[in-house]
Amino acid sequence: MASRITCDVHDATPVTVVRLAGSLDLTTTRQVYAVLDRCLAAQPDALVVDLTGLTVHDQLAVAVFVAAARRAEGWPAVPMVICAPHPDPAASLAASTASRVVPVRHDCDEAARVAGASAVPRMRVRLEPVAAACRRARELVADACARWDLPAAVEPASIVLSELVGNVVRHAGTPMQVTLTLRRPWLHLAVVDGSRDAAEPGRPGERDEGGRGLLLVRELAARWGSAPAGDGKAVWATLPAN
């Protein structure tokens, strides 16, 4: 049976736009979330969700936008804005928690301007799974913190990112994309690799020399986590940007 909803993605710089049309209910939310999740995994500078052609058939279904925004907040720290020019979806958003979590605008040009103005600085680099990758990660942190005037963040961020990269080198063994994002008051660090295996802290014995990398990340970061990203996963950590 044909889908009751369409999701058209328009990739642009700095704002990616997802245009939804059709019927939003508890069934089609799965398709919507999958599209939004895929767009977020590409780490755009900002994301606009255009509801111009959308009809809401179940009030609970608008929670999909809250879920996507909360996903974006942890990783990849992408600002998200909803365009809802018509009364039906706008009223559904206003009656839910969505309008308190995601900015809502009634004009799509304005939504794009708000999203673009909220775009945050990022630094990205692709690394191979070799021992030198950890050193390159520390150099990237030093460069970013110098550019963004974050001297106090250099040491903890260097340790955390080095451990995230080292985890890929030791366990995933795939090329990786490393991203640093400044979304004040937080500095976000993320490493996307090509392995779907979950990243979990080890349980080393007292005499074991290794296995403590993610435990160290957990201790130094305000938050950290792992999320699916394309054919692999992203492991991310958030530190104070001060």
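Two strands count as paired when DSSP finds at least two bridges between them, and with that in mind you can begin the tour at strand 1, where T6 stands opposite A21 in strand 2. Keep in mind throughout that this is a predicted model.

**First stop: the sheet**

Select strand 1 and strand 2 together, and you will see that they pair in the antiparallel sense over six bridges, while a hairpin of four residues carries the chain from strand 1 to strand 2. Now widen the selection to the whole sheet, which is open and is formed by five strands in the order 1-2-3-4-5, with mixed pairing. At its edges lie strand 1, residues 5-10, and strand 5, residues 104-105, each of which pairs on one side only.

Next, select strand 2 with strand 3, residues 46-56, and follow the nine bridges that join these two parallel strands; one place to look is G22, which stands opposite L54 in strand 3. Moving on across the sheet, strand 3 and strand 4 pair in the parallel sense over four bridges, and strand 4, residues 80-83, is joined to strand 5 by two bridges, again with the strands running parallel. In that last pair, I82 stands opposite V104 in strand 5.

How much of strand 2 and of strand 3 is buried? In strand 2, seven of the ten residues are buried, so this strand is largely enclosed by the rest of the structure. In strand 3, eight of the eleven residues are buried, so strand 3 too is largely enclosed by the rest of the structure.

**Second stop: D50**

Stay on strand 3 and select D50, which is found in that strand. Is D50 buried or exposed? Its relative accessibility is 8%, and because buried means under 20%, D50 counts as buried. On one strand, R19 stands opposite D50, and in strand 4 the bridge partner of D50 is C83. If you show the side chains, you can also find a polar contact of 2.5 Å between those of D50 and T52. When neighbours within four places in sequence are left aside, the residues in contact with D50 are V17, V18, R19, L20, C83 and C108.

**Third stop: the helices between the strands**

Select helix 1, residues 29-41, together with strand 2 and strand 3, and trace the chain through them, since these three elements make a right-handed β-α-β unit. Then do likewise with strand 3, helix 2 and strand 4, which also make a right-handed β-α-β unit. Helix 2, residues 63-74, packs on the sheet and touches strand 2, strand 3 and strand 4, and its direction makes about 160° with that of strand 4.

**Fourth stop: helix 3**

Select helix 3, residues 87-94, which lies across strand 3, strand 4 and strand 5 and runs at about 115° to strand 3. Which residues of helix 3 are buried? They are P89, A90, S92 and L93, and because they cover an arc of only 160° around the axis, they are on the same side of helix 3. Turn the view to the other side of helix 3, where P87 and A94 are exposed. The buried residues of helix 3 pack against strand 3, helix 2, strand 4, helix 4 (98-101) and strand 5.

**Last stop: helix 5**

Finish by selecting helix 5, residues 108-118, and colour its buried residues, which are A111, V114 and A115. These cover an arc of only 95° around the axis, which puts them on the same side of helix 5. Among the elements that cover them are strand 2, strand 3, strand 4 and strand 5. On the other side of helix 5, by contrast, D109, R113 and A117 are exposed. Before leaving, zoom in on the start of helix 5, where a side-chain oxygen of D107 reaches to within 3.1 Å of the backbone nitrogen of D109.

Methods: Residues numbered from 1 in each chain as written. Predicted model: local features only at pLDDT ≥ 70, side-chain atom pairs only at ≥ 80, totals over all residues. Heavy atoms only, no water. Buried < 20%, exposed > 50% of the residue type's maximum accessible area, 1.4 Å probe, protein only. Polar contact = N/O pair within 3.5 Å; in protein donor to acceptor, adjacent residues only side chain to side chain. Contact = heavy atoms within 4.5 Å. Axes fitted to C-alpha atoms, helices over the stretch in contact; angles between N-to-C directions. Arc of directions from axis to C-beta. Right-handed = clockwise from strand over helix to strand, strands pointing away.
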